[in-house]
Structures are given as C-alpha cells and as structure tokens.
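Student: I would like to take a close look at one single part of this structure, and to understand how it sits among its neighbours. Could you walk me through it slowly?

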Amino acid sequence: MTDLSGKTAIVIGAAGEQNMGQAIARTLAAAGAKVIVSGRKPEPLEALAAEIGGEASACDLTRRADVDALFDGAHNRHGQVDIAVNATGWGLMKPWADMTDDDLQSMVALQFIGIHHMLNACLRTMTGGGSVIQISSATTTCPIYDHAAYIGTKAGSEALIRCFANQYGPQGIRANIVSPGLTATPMAAGALAAPGLEAAFAKEYPLGRIGTVDDIAHTVLWLCDDRTFLTGQNIQTNGGLTLRRNPRPEEIAAAVGAAMAAQAQ
C-alpha cells in the first residue's frame, strides 16, 4: 500500500467538478499526502481543499508568475515539494482549416509553455527529489481527426518530461507521463451522451470499456510511490487502446446513427 504521509503534493487542474485532477487530489490525500489543489477557479478549489484537508491556491499555468508563486509558496510553507501533477488540458476539437492563430497560441501556452513553467518550478522546489507527473493523452499514439493542435502540444509536453527526466534524475527527481484514452469525465459527458458513441470507442479497447478518473488516479498514486523505479516513461493507462486505434469519424457516425435508429423503434 502506498503511504504518502509527510509528502507535499501539488495537483494543477483540480478546479473542475469531479474531473481527473480532483480524483487525483482525493487519492493522494487518502494516501496521507498534504495536497495543494490548484487551477483557475478559486471557489471549487476551496471546497475540495476543505473536503480533503488540503490547501487551495489559484494558478493560471500559462502565467509564469502564478506558477512560481504556487510552488514557492508550497516550498516555503512545507519545506519542499515532493509531488507535482499537471492534469490541465484543453480538449479542443475543430476542423483543421478553422483553427485560428488565437486557438493555436492558447493551446501552446497551456499545453507546452505552461508545462515548461511547472518543470522550472519543480527544479527549484524539489530539493529532496520527488515525482513529477504530466497527464497527456493516448491520442499522441492513436490520433483522432480534428484534434491536431491538442495532440501536437501534448506530444511536446511528453518530450519536455523525457528531457527533464534524463537531465535531473541524478537529483532524485522522477518525471513520468500518464496517457489516458477517452475517459468518463464531466468534460466528456456531453459527447458521451450521444447514443452509440461510447460503444464506438469501447470496442477499440481490449479491456472492453473506456477509462474512469479513478483509473488515472490509481496510476498516478503508483508513480508517486518512492519504490517505483521509473522515470521518463509514458504509462498508457487506457485499457490497451494503443494496441489498436481510435475509431474513424464515419465509424462513430454510423454507430451513433444505428443507436439512434434503434431507440426510435
């Protein structure tokens, strides 16, 4: 059993109700860590912090000053940062030709530059070693249509983690990636409500279902354990999706159409 007693953990991207970041924060707190939950919305962060006996600190990952204040504050209050998890992301799906420069700049700021900010702060505040975990996506291995900016920047974040792991392993810092597939989250709830859509994806998962936030949180907990002799790796927590592929648009449309027709009978 993983015991994180005495560890200080920062979880970024925990402001969305029942999202992946919140599940991770609850899991780390249950294992004994002092968890600082962070994101852009103070109110849900305060509620989560009160629930798990942690702390809340609003932070915009795209702003270096916010990230520095988050990590330096944790270091000053608790002596050092032991665990840092970035669960932020913007799952924009938009036709290639319709992507604007503003879309691209926002995506790069959040999913590449922001990760660089976080790693800089980890280097400064993980003075006794620690574990850094970046939530990426199975789509960097199994692409899906109209998702290129998301996939490209997630792939870039994976490269940053690998470089960081290689260079700073001698300082006792482990850095790894967790790559979910389609996961049942509030953000995905609208799409998953379409009849037949979840089934169209699930048939590509050897374990027979899409993921849950608890699946991801369990993997993160394992990576936080000091006994986990692993760094620079991409843990594909997606039920075997990367053995196959994501469905094509016409396959999704056919599955949804068939399910809706069946409901109408």
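Tutor: In this predicted model, strand β1 is covered on both of its faces, with the side chains of T8, I10 and I12 buried on one side and those of A9 and V11 buried on the other. This division into two sets can be read with a general rule in mind, namely that in a regular strand the side chains alternate between the two faces of the sheet. Counted along the strand, five of the five residues of β1 are buried.

Let us now turn to the strands beside it. β1, which spans residues 8–12, pairs in the parallel sense with β4, residues 83–86, over four bridges, and within this pairing V11 stands opposite V85. β1 also pairs in the parallel sense with β2, residues 34–39, this time over five bridges, and here the bridge partner of V11 is V37. The connection to β2 has a handedness as well, since β1, the helix α1 (residues 20–30) and β2 together make a right-handed β-α-β unit.

With these pairings in view, we can place β1 in the whole sheet, which is open and is formed by seven parallel strands in the order β3-β2-β1-β4-β5-β6-β9. The edge strands of this sheet are β3 (55–58) and β9 (234–235), each of which pairs on one side only, whereas β1 stands between β2 and β4 in that order.

Technical notes. Residues numbered from 1 in each chain as written. Predicted model: local features only at pLDDT ≥ 70, side-chain atom pairs only at ≥ 80, totals over all residues. Heavy atoms only, no water. Pairing = 2+ DSSP bridges. Helix = DSSP H or I, 4+ residues; strand = E, 2+ residues; numbered from the N terminus. Buried < 20%, exposed > 50% of the residue type's maximum accessible area, 1.4 Å probe, protein only. Right-handed = clockwise from strand over helix to strand, strands pointing away.
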